[in-house]
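Student: I'd like to talk through the pockets of a protein. Can we look at one together?

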Amino acid sequence: MQHFDTDALATFVAVADAGGFTAAGLRIGKSQAAVSLLIARFESQIGRKLFDRTRRGVHLTETGEILIGYARRIIAIEDEALAALDPGSMRGYVRLGMPDDYIELFGKPLIEEFSRANPRIQVEIQCDFSRSLESMVEHGTINLAIITRAPDSVVGELLRREQLIWCGPAEGETQHQRPLPLALFPEKDCRARPHIVHALTEAGIPWRAAWTSSHLPSIQAALDAGAAVTALPASVVASRHRRLNAQDDDLPLLKPLEIALLVPHGARAAVRTVASFVRSHFQQL
């Protein structure tokens, strides 16, 4: 074999990232049959298997693990060369991670505004907790991420400090109940929860977990039902919910959270283009 077919390399990377041939085909605009055929030809050309196919999915072989890093670099160089020759030709598939409470403020503009300006760059948004997103960027399963930093962490590029504020049902006095009923994200995942619990403990305010969920809409539903109060980044609080005043509502002041952007070293051109848009968007907020 004298050279690599970059289309085959791109398909190889798509299958590795998507974890299957059908999902990879949806990402790159090919049928499942076309993806399977291209990978089969590629494996025949190099004389090695790249994937093990089992009932649990598709996984890289030892050869696949060796090749995947080189494949990403070759594709990145090709993207940069094409972009240098013709900026309008920038193309790619970018996976951006963020917690779901940032979707309305950051995810929606990205899909609407970025996609209009960069129609050949497809962006997939994956929602998860910041702790998981950091690991996903590190292992290359997503390309970049917007996260909430852990306390005292300097990981990533600081985008903004976001005030954590108390909010509750539009009506009623839920915030004056003791113990205070809280709607919270899971303890092992949420980086805001330790701030909330510590502040209440320091203020001597008893509390109880009245509602626990991994998703923002469920937390908001707890407030809609009048079952609990919570604390969220200021930009995330829904207009239908009441922003509580710490002094008037007998609640402690909370520390701001730090929102950061994670972009791995050597990111390809399409990823850097998305990162540049994210930075620009945050500067306008």
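Student: Which element gives the largest share of the lining of the largest pocket?

Tutor: That's α4, with nine residues. Keep in mind that this is a predicted model. Other elements that each supply at least two residues of that lining include α1 (6-18), α2 (21-28), β3 (92-98) and α6 (130-139).

Student: What makes V13 a lining residue of the largest pocket?

Tutor: A lining residue has an atom within 4 Å of a pocket point. V13 is among the 36 residues that line this pocket, so V13 has such an atom. V13 is also one of the residues closest to the centre, along with R72, I75, Y93 and R268. The space in the pocket comes to about 870 Å³.

Student: Why is R72 counted as charged?

Tutor: Arg is on the charged list, along with Asp, Glu and Lys, so R72 from that lining counts as charged. The whole lining splits into 14 charged, 13 nonpolar and nine polar residues.

Student: What is the volume of the second largest pocket?

Tutor: About 340 Å³. Its lining has 25 residues, and P99, D101, F129, F185 and C190 lie nearest the centre. Two elements, β8 (180-184) and β10 (230-233), give two or more residues to that lining. The largest share, four residues, is from β10.

Student: Why is C190 called nonpolar?

Tutor: Cys is on the nonpolar list, so C190 falls in that class. For the lining of this second pocket, the split is 15 nonpolar, five polar and five charged.

Terms used:
Residues numbered from 1 in each chain as written. Predicted model: local features only at pLDDT ≥ 70, side-chain atom pairs only at ≥ 80, totals over all residues. Heavy atoms only, no water. 1 Å grid on protein atoms, 1.4 Å probe; cavity = no way out; pocket = protein on both sides within 12 Å on 5 of 7 lines; lining within 4 Å. Points joined across faces, edges and corners; volume = space filled by probe spheres on them.
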